[in-house]
Amino acid sequence: MALLVTGGCGFIGSNYVRRVRRLRPEAALVNLDLLTYAGNLENVAELRDEPGYTFVRGDVADAAVVERVLVEHGIDEIVHFAAESHVDRAILGPAAFVRTNVLGTATLLEAARRIGVRRFVQVSTDEVYGALGPDDPPFTEESPLRPRNPYSASKAAADHLALAYHHTYGFPVVVTRCGNNFGPYQFPEKLIPLLISNALEDRPVPVYGDGLQVRDWIHVHDHCRGIESVREKGRLGVVYNIGARGESTNLELVRTVLRVLGKSESLIRFVEDRPGHDRRYAMDARRIGEELGWRPEMRFEEALADTVRWYIDHRAWWEAVRSGAYLEYYDRQYGSRLCGDV
Ligand code: NAD
Ligand code: TYD
């Protein structure tokens, strides 16, 4: 099998690529990533020289690049992670989200359909469902899509396109929607790695608004296991929610992490709320459990403690990310070959 992973240098994509490599060493694995600020070759450094693994720096919204990768590598299946992924950035600049998440997905779908790719996994998010009130039942796969910020709107558009390709052309698409991930290699603009890295440096930890927003947290290991089950066994044209019943308010989460780190709650700073901030997400993941036998393996408290440990042990990784040093390095290494030299 030849598998194309897009966005394999980001947080979840890199965890997935390393997992596939470990469990399916016979598969040819191509990682197509533009190396935006969120992509980091360090995340997949251990694979660099392995036979059967190829990294291509390129843009999923560039049809010529995508087509070339699919043809030259004889790609059978695609797991599509590449995206702009941070809500706060989407609020400041939505255009990049429309370009990568909508146009990029459309470009990839069209090339894959024309070339006859056998399976396309669209990796999506619970945020496409919108926000829940405190007593609402969790989102099911039948919940209507009511995205409320430019990030979730762009992901919803991509999901609609992917499912429309199945309906219209019979193109073999499956969609996964997961809650908030945490774990190794997450870019420290997202709440958990920001919180850990700030606290380790005794810097203030910003909590938006009253901190009582609820997110449904899952360790990236369980998300990647879920994606793999859906890739292998998911029914075509079907959406699978992935969730580990990890609901927590932001404030509870921040307090827990500070406690695990032995840091004082005086580091907490309540700051202005995010515009249009979704109050609560929660996932009903019964379908993937009943149909595919997937269950989360990690308990929330353990998963959080493991993650804290990882950031303590990998200080050099997040310090380099924060300083931006890795980006200058890529521009030296790949700058002249950007977008397309396969
Ligand atoms: P991330 O921001 O850490 O990584 C995104 C990766 O995509 C980076 O390596 C980046 O360089 C690459 N990329 C961006 N634009 C590209 C382009 N035009 N062409 C090629 N590569 C490009 O994101 P993440 O948190 O790992 O999320 C991965 C996917 O999972 C996204 O589709 C996201 O919507 C989805 N998701 C994320 C979460 C979460 O909690 N982080 C939860 C559910 C779903
Ligand atoms: P984030 O990690 O950005 O994920 P998302 O917005 O996709 O859910 O944020 C998680 C929650 O934490 C969200 O409710 C916003 C909040 N938050 C803070 O309170 N402070 C912060 O510094 C950040 C980055 C997020």
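Which oxygen-bearing ligand has an oxygen atom 2.7 Å from an N or O atom in the side chain of H277? The partner of H277 is ligand 2. The model is predicted, and the sections below treat ligand 1, ligand 2 and two loop residues in turn.

## Ligand 1: contacts and cover

Ligand 1 is surrounded by 28 residues. I12, D33, S85, Y151 and K155 are the closest of them. Two of these five also appear among the polar pairs with ligand 1: the side chain of Y151 places an N or O atom 2.7 Å from a ligand oxygen atom, and a polar side-chain atom of K155 lies 2.7 Å from an oxygen atom of ligand 1. With F81 the backbone is involved, as one of its N or O atoms is 2.8 Å from an oxygen atom of ligand 1. On its own, ligand 1 exposes 850 Å², and the protein buries 97% of that area.

## Ligand 1: makeup of the shell

Four elements each contribute at least two residues to the shell around ligand 1: the helices α1 (11-23) and α5 (150-169), and the strands β5 (119-125) and β7 (180-182). The greatest contribution comes from β5, which gives 3 residues. By class, the shell of ligand 1 holds 13 nonpolar, 12 polar and 3 charged residues.

## Ligand 2: contacts and cover

Around ligand 2 there are 16 residues, and the nearest are E127, P206, R215, R274 and H277. The side chain of H277 has an N or O atom 2.7 Å from an oxygen atom of ligand 2. N250 also pairs through its side chain, where an N or O atom is 2.9 Å from an oxygen atom of ligand 2. Y208 instead uses its backbone, with an N or O atom 2.9 Å from an oxygen atom of the ligand. Taken alone, ligand 2 has 510 Å² of accessible area, of which the protein covers 96%.

## Ligand 2: makeup of the shell

The helix α6 (191-200) and the strand β8 (205-208) each supply at least two residues of the shell around ligand 2. β8 gives the most, with 3 residues. The shell of ligand 2 divides into 6 nonpolar, 5 polar and 5 charged residues.

## Loop residues with positive phi

D202 sits in the loop between α6 and β8, the two elements named above for the shell of ligand 2. Although D202 is not a glycine, its phi is positive, at about 55°.

R245 lies in the loop between β10 (239-242) and β11 (247-249). Its phi is also positive, near 50°, and R245 is likewise a residue other than glycine. Is R245 buried or exposed? R245 counts as exposed because its relative accessible area is 79%, and the cut-off for exposed is over 50%. Across the chain, R245 and D284 are 39 residues apart in sequence, while their C-alpha atoms are 8.0 Å apart in space.

How values were computed. Residues are numbered from 1 along each chain as its sequence is written. Chains are lettered from A and ligands numbered from 1 in the order in which they are written. This is a predicted model: local features need pLDDT of at least 70, side-chain atom pairs count only at pLDDT 80 or more; totals for chains, interfaces and linings use all residues. Side-chain values use heavy atoms; hydrogens and water are left out. A residue is near a molecule or strand if one of its heavy atoms lies within 4 Å of it. A polar contact is a pair of N or O atoms within 3.5 Å; within protein, one must be able to donate a hydrogen and the other to accept it, and residues adjacent in sequence count only if both atoms are side-chain atoms. Accessible areas come from the Shrake-Rupley method with a 1.4 Å probe; for residues, only the protein chains shown count as cover. Ala, Val, Leu, Ile, Met, Phe, Trp, Tyr, Cys and Pro count as nonpolar, Asp, Glu, Lys and Arg as charged, and the others, Gly among them, as polar. Buried means under 20% relative accessible area, exposed over 50%, partly exposed in between (1.4 Å probe, protein chains only).
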